[in-house]
Amino acid sequence: MFNELIFSHEPPTIHDAYAGGGVYLPNHMSWPCSADGTPLTHLASFPGSWFSDELMDKTYWVSVFVPYVSGEVGHYRKLRASNGGSEAVVLGYIRASDERNEASDKILDCGKILLSENSDSDDDENLASKLDGVDAWLQAPISSNIGRRRVSIYGGDLDVALPRNKGILSDGMGYLFLSENFSEKAIAENGRFFLQLG
């Protein structure tokens, strides 16, 4: 049994995790940029309550930003694990009331991500999109000094939510790592995101 992520092209409600679109980043937080200063693209946002019961009644969110140019694949290399990091940025924050989208290459589609309890067994060959559960790597195991893997995203599942931007993760797996005390880092990077291709 495991918690599977179900991706949909349906618009998310205010409480739903979602892929694409903009982000409700507070105005005092800078939009994340690549090393060369290019504004990154929002990939996905998750309510903090997915990761900690202590955040059940809070408006704490975690968002993943990636280097991305529509129709190109150069970001695959930038998302691979290298020296414990990648060029993706993971931010934690208290959700603001207004949406921002300052990406150089915006993903206009915005699809919801739901959690569903899957009764199948979970193991290290289960490459489903999931929250926590057993680590399943497409390549060698990833280790990061910032924490542990909390979310796995299969690229084909992401395509369901973002049909006009298919192939962002190819047919690979995206892995979101969060630090153990991620919720205490409300205005800073609090995780890592990596891509492995099969």
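**Strand pairing and burial in a barrel model**

Student: How do strands β3 and β4 pair, and over how many bridges?
Tutor: Strand β3 (residues 41–47) and strand β4 (residues 60–66) pair in the antiparallel sense, over six bridges. Two strands count as paired if DSSP finds at least two bridges between them. Helices (H or I, at least four residues) and strands (E, at least two) are DSSP runs, numbered from the N terminus.

Student: And what kind of model is this?
Tutor: This is a predicted model, in which local features need pLDDT of at least 70 and side-chain atom pairs count only at pLDDT 80 or more, whereas totals for chains, interfaces and linings use all residues. Residues are numbered from 1 along each chain as its sequence is written, and side-chain values use heavy atoms, with hydrogens and water left out.

Student: Back to the pair. Which residue of β4 does H42 face?
Tutor: H42 stands opposite F65 in β4. On the β5 side, the bridge partner of F65 is V89.

Student: How many bridges hold β4 to β5?
Tutor: Six bridges, with the two strands antiparallel. Strand β5 also pairs in the antiparallel sense with strand β10 (residues 189–196), over two bridges. There, V90 has G191 of β10 as its bridge partner.

Student: Is β5 enclosed or open?
Tutor: Five of the six residues of strand β5 (residues 89–94) are buried, so the strand is largely enclosed by the rest of the structure. Buried means under 20% relative accessible area, exposed means over 50%, and partly exposed lies in between (1.4 Å probe, protein chains only).

Student: What do the strands build together?
Tutor: A barrel closed by 10 strands, in the order β1-β6-β2-β3-β4-β5-β10-β9-β8-β7, with antiparallel pairing.

Student: Where does β1 fit in?
Tutor: Strand β1 (residues 2–7) pairs with strand β6 (residues 110–118) in the antiparallel sense over six bridges, and F2 stands opposite N118 in β6. Two bridges also join β1 to β7, again antiparallel; here the partner of E4 is K130 in β7.

Student: Any helices? What is the order along the sequence?
Tutor: The chain has two helices and 10 strands. Its pattern along the sequence is β-β-β-β-α-β-β-β-β-α-β-β. The radius of gyration is 15 Å, close to the 16 Å that the globule rule gives for 198 residues, so the chain is as compact as a globular protein of that length. That radius is taken over C-alpha atoms, and the rule is 2.2 Å times the number of residues to the power 0.38.

Student: What are its dimensions, and how much is buried?
Tutor: The C-alpha trace spans about 45 × 40 × 35 Å along its principal axes. Buried residues make up 51% of the 198 residues.

Student: Switching to single residues: what surrounds T41?
Tutor: T41 lies in strand β3 and is buried, with a relative accessible area of 2%. Leaving aside neighbours within four places in sequence, T41 is in contact (heavy atoms within 4.5 Å) with V64, F65, V66, Y68, A103, D105 and I107.

Student: And I146, where does that one sit?
Tutor: I146 is in the loop between β7 (130–131) and β8 (148–154). I146 is buried, at 14% relative accessible area. Not counting residues up to four places away in sequence, I146 touches F177, L178, S179, E180, N190, G191 and R192. The C-alpha atoms of I146 and F182 are separated by 9.4 Å, although these residues are 36 apart along the chain.

Student: How much of the contact set joins residues at least 24 apart?
Tutor: The share is 72%, among contacts between residues at least 6 apart in sequence.

Student: Which residues have a positive phi without being glycine?
Tutor: Examples include D132, with a phi of about 55°, and S170, also with a phi of about 55°. Most residues other than glycine have a negative phi. D132 lies in the loop between β7 and β8. S170 lies in the loop between α2 (155–161) and β9 (173–178) and counts as partly exposed at 24% relative accessibility.

Student: Last topic: how many charged side chains are there of each sign?
Tutor: There are 16 positive and 28 negative side chains, and the centres of the two sets lie 6 Å apart. Lys and Arg count as positive and Asp and Glu as negative, while His and the chain ends are not counted. Each charge is placed at NZ of Lys, CZ of Arg, CG of Asp or CD of Glu.
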